Structure formats: C-alpha cells, structure tokens
Amino acid sequence: MKPNSILGLSHGFLLGHLQSLGLDFPKNISVIAVCPKGMGPLVRRLYVQGKEINGEGINSSFAVHQDVEGRAADVALGWSVALVSPFTFATTLEQEYKSDIFGERGILLGAVHGVVECLFRRYTENGMNEDLAYKNTDESITGIISKTISTKGMLAVYNSFPMREKGTLRLHTVQRIIPVWTFYECYEDVASGSEIRSVVLAGRRFYEKESLPAFPMGKIDQTRMWKVGERVRATRPKDDLGPLYPFTAGVFVALMMAQIEVLRKKGHSYSEIINESLIEAVDSLNLISDRQHLILYYFT
C-alpha cells in the first residue's frame, strides 16, 4: 500500500492473525474498521429496506487502529453512515476481534449449536418424541425465544410462563456460573491467539499440499437431530415460531448471560457486549437460521 493510504477492515481478525505471528500493520498507513453487527445478507437487506422505511440499517462498531494523517476517524464514521447504521459505537480493533470471535464460539454460533444437540439428546433419552424434541430445542431457540427477547426483552421470556414453569427457567438461568467458566476458557483461547492459529491451520488442511491429501471439514447435518429437523421443517406451518419450552429457555438465557458476564469482566463496552451477545443473536443469526435453516452451514 502507498504511504498515507487508509486500510479499511470490516473485522479485526487480521490484527489478531498478525499478533499471533508477532507482526503488525505498516506504520506509514492508517488502519480503520467499520464492523456491521450481522451477516452479510442481513446487512444488505436492511440497507435496501432503508429506501422505504426510515431508520433501517444495522448497528456497527468502528475503530481507529492507526491514524497517520488525522482523518481516519472521519473516514470510518463516514463509512458507517454510508452503511445506514442507525447506531455506531466506538471500540478498538483488538476488542472487536476478541468479542466477535469469542461471541461466535459462544451464544452466536458454537454454544447455541451445542445446546440444541445436547438438549435434543436429553429430551429423547427421557422419552420425548423426536419431532417434539426438535421443536423444543432448535425451533424454540431460533423462533419464539429469540422473537420474545428481540421485541420484549429477556424478562418477557420469564413472564410468559405460569408460576410452576418459572421455577424451571429460573433454576437454569441462575446456574449460569457453570457455563461462565467454559466461556472464560473460550475467551482466553481467542485473546491468546490460540483460537486464531487453530482456525488458520484448519483452513490449510482443506487443500492438498506437498502431495498430501486435503482434509475438508465435514458437515454437521448428518446427526440424528438434523435429520429429524429436515422432516419437521418440511411440514412446519408458515410463521410458526415453535413452542416456548421452559427448560430450553432457561439454558439459552443462562448461556447468554454467561457470555455477557465474561465480556463485562474483560472490560468491553456495554454497547459491544449487548450487540455481540444479544442483538446479533436474536435479530440476525437466529432470525436467519429460523427462516432458512442456516445453522447447519455456519459450521461447514
């Protein structure tokens, strides 16, 4: 890059990768980031929707990592305005990649996948019909639970249950101390560079090198739960958000609160915490998964 030019990023991963190698960006360029808090298709849909509805768009964070000419912040904010972001909050490039990659291992992707698989097995092993078990796990989380949190808040999930079932939800929510320790470990793997190094090495295994065969990542849609899910979704009525199941709701909210607690303890701003732990989950990833069954493809 030419001296005094500006490198614009939409994610802090590159900084994390450079740090894991003991490197940094050239000192004669500016480095900024504007990071929309959602998947690409949703960013585009909300951008186009802004032609007809005032205030549409998706939240973004912005960061100025290096500023050699004193105009990097203006360029970053202008970029966010061009994205039609209704709310833009400041962060650092390092905080951005730590919270984002950690969040994807947590409530945004990894944890929610682990939860639905685990709960599906628990429910079926205890005699629940497979179709109902799928509805009470994946359908419940990506549907009615996410919809309720998005439009009315977490407390509304609790208040939706009769008193007898509130105890089930409360029990698993207050036990969030258990997933907190696991989430701490995930965060520290990201912060230390171990997770990024692992991702880079996994990517290298996808291709044939030095006459060795490639080892592409397998798909998760071969498990029993996803096979049942294909059948359930094929007959699901339009706009059916699934059942609000108290055990599932308690576990999901506990995981969400555990992630919030870890990011808070690690010094992230509340704007970053809420966007990475709550808004992006219920208004972006879970929403798209519920509509298109994309949770399968996050891990392929």
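When I say accessible area, I mean what the Shrake-Rupley method gives with a 1.4 Å probe. Okay, with that in hand: this is a predicted model, and the chain exposes about 15200 Å². Carbon and sulfur atoms supply 55% of that area.

Let's stay with the whole chain for a moment. We have 300 residues, and 46% of them count as buried. In terms of secondary structure, there are 13 helices and 4 strands. And here's a nice one about contacts: take those between residues at least 6 apart in sequence, and 79% of them join residues at least 24 apart.

Now, the strands. All 4 strands form an open sheet, and the order is β1-β2-β3-β4, with mixed pairing. So which strands stand at the edges? Those are β1, residues 6-9, and β4, residues 88-90. Each has a single partner strand, so one side of each is left without a neighbour in the sheet. Going from one strand to the next, the twist averages 25°.

As a quick reminder, strands of a sheet pair through backbone hydrogen bonds, either parallel or antiparallel. Here, β1 pairs with β2, residues 30-36, in the parallel sense, over 4 bridges. If you want to find one on screen, look for Gly-8, whose bridge partner in β2 is Ile-32. Packed on the sheet you'll see helix α3, residues 72-82. That helix touches β1, β2, β3 and β4, and its direction makes about 25° with that of β2.

Next up, helix α1, which covers residues 13-20. Which of its residues are buried? Leu-15, Gly-16, Leu-18 and Ser-20 are. What covers them includes strand β3, helix α4 and helix α10, the last of these being residues 194-204. Then, just after α1, Gly-22 takes a positive phi of about 75°.

I'll finish on helix α4, residues 93-105, since that's where Asp-100 is found. Asp-100 is buried, yet it has no salt bridge. How far away is the nearest side chain of opposite charge? That would be Lys-37, at 4.5 Å. A salt bridge has to be within 4 Å, so this pair doesn't count as one. Who else is around? Leaving aside neighbours within four places in sequence, Asp-100 is in contact with His-11, Lys-37, Glu-276 and Glu-280.

That's my tour, thanks for listening.

Technical notes
Residues are numbered from 1 along each chain as its sequence is written. This is a predicted model: local features need pLDDT of at least 70, side-chain atom pairs count only at pLDDT 80 or more; totals for chains, interfaces and linings use all residues. Side-chain values use heavy atoms; hydrogens and water are left out. Helices (H or I, at least four residues) and strands (E, at least two) are DSSP runs, numbered from the N terminus. Buried means under 20% relative accessible area, exposed over 50%, partly exposed in between (1.4 Å probe, protein chains only). Lys and Arg count as positive and Asp and Glu as negative; His and the chain ends are not counted. Contact means heavy atoms within 4.5 Å. Two strands pair if DSSP finds at least two bridges between them. Axes are lines fitted to C-alpha atoms, for helices over the stretch in contact, and angles run from 0 to 180 degrees between N-to-C directions.
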